[in-house]
Amino acid sequence: MNSRESVKKLPHVTTRRLLEMKEQGEKIAMLTAYDYTTARILDRAGIDVILVGDSASNVFSGHDTTLPITTEEMIYHTRAVVRGIQAESSRAMVVIDMPFMSYQLSSEEALRNAGKIMKDNECDAVKMEGGKVIAGTVKRITDVGIPVMGHLGLTPQSIYKFGSYKVRARDRKEAEELLRDAVLLEEAGAFALVLEKIPADLAAEVTRSISIPTIGIGAGRACDGQVLVINDMLGLNTEFHPRFVRRYADLDSVMHEAVSRYAEDVRKGDFPSEGESY
Ligand code: KIV
């Protein structure tokens, strides 16, 4: 028996389970992951939903925005993440971000790409940014049986349109538009909705107005769940300090110290020791 076979498998988190969690007032814990090792840790720690976010474009590949990442790159990350949870309890749901311009051209093209992503990955769902403009596409994709998570508020794929990463929907007009978009996405068949960087009162109103779960990031505590980018919450992304990120570790310092000690040991001839040699 190898170490993988010895891990106890648990019931997989499904869209239905997330709905039950909302109904029962159980909060949903979601985090991003882009690789096998991290996905294993997240699944082992009981994270409900792992998002293979297009934030990989920033924190994994070093781009300034999420726009450059491709469908093939997202599939590559997702395969690694799915292998990670399969090596553990296989409990976490895996959602993959559809990258910029993989769903905006037409519903047809979006469906083809969503289908490719689902077939190539054994993931559970796709995520798409936007409201009214993509509602028809969301319906087309959910109609064929592919679960879609929506994403409203600060939508990083539209950063060049908005020109900043400021809090969204502070004024009533934008807030009402967001509320309408949330209802439209639910009607189109979305199973959950990420709300990014919007006032907490508005997120609470959206959460009360729809029956699908809301997952907040910088959207206050009333949401049905929360999501953070793993690199931010582990303190691996030291230049980024928005108010909504709680740092649960300082891995930048931990890794820097470990790597510096290793380099010093190698230079001194201290590593490897006899016991570390064959
Ligand atoms: O790409 C991402 O990491 C996301 C989260 C911020 C929700 O979309």
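A salt bridge is a side-chain nitrogen of Lys or Arg within 4 Å of a carboxyl oxygen of Asp or Glu. Hold on to that, everyone; we will need it shortly.

First, some housekeeping. This is a predicted model, where local features need pLDDT of at least 70, side-chain atom pairs count only at pLDDT 80 or more, and totals for chains, interfaces and linings use all residues. Residues are numbered from 1 along each chain as its sequence is written, and side-chain values use heavy atoms, leaving out hydrogens and water.

Let's begin with the chain. It is divided into domain 1 (3-247) and domain 2 (250-278), with bounds from an automatic or database domain assignment. Four residues of domain 1 and four residues of domain 2 make the contact, meaning heavy atoms within 4.5 Å. The C-alpha centres of the two domains lie 37 Å apart.

So how many salt bridges are there between domain 1 and domain 2? The count is zero.

Now, the ligand. Which residues are closest to it? They are G53, D54, S55, D97 and K127, out of 13 that surround the ligand, each with a heavy atom within 4 Å of it. Three of these residues place a polar side-chain atom by a ligand oxygen atom: S55 at 2.5 Å, D97 at 3.0 Å and K127 at 2.9 Å. For reference, a polar contact is a pair of N or O atoms within 3.5 Å; within protein, one must be able to donate a hydrogen and the other to accept it, and residues adjacent in sequence count only if both atoms are side-chain atoms.

Taken alone, the ligand exposes 260 Å², and the protein buries 95% of that, using Shrake-Rupley areas with a 1.4 Å probe, where for residues only the protein chains shown count as cover. Thanks, everyone!
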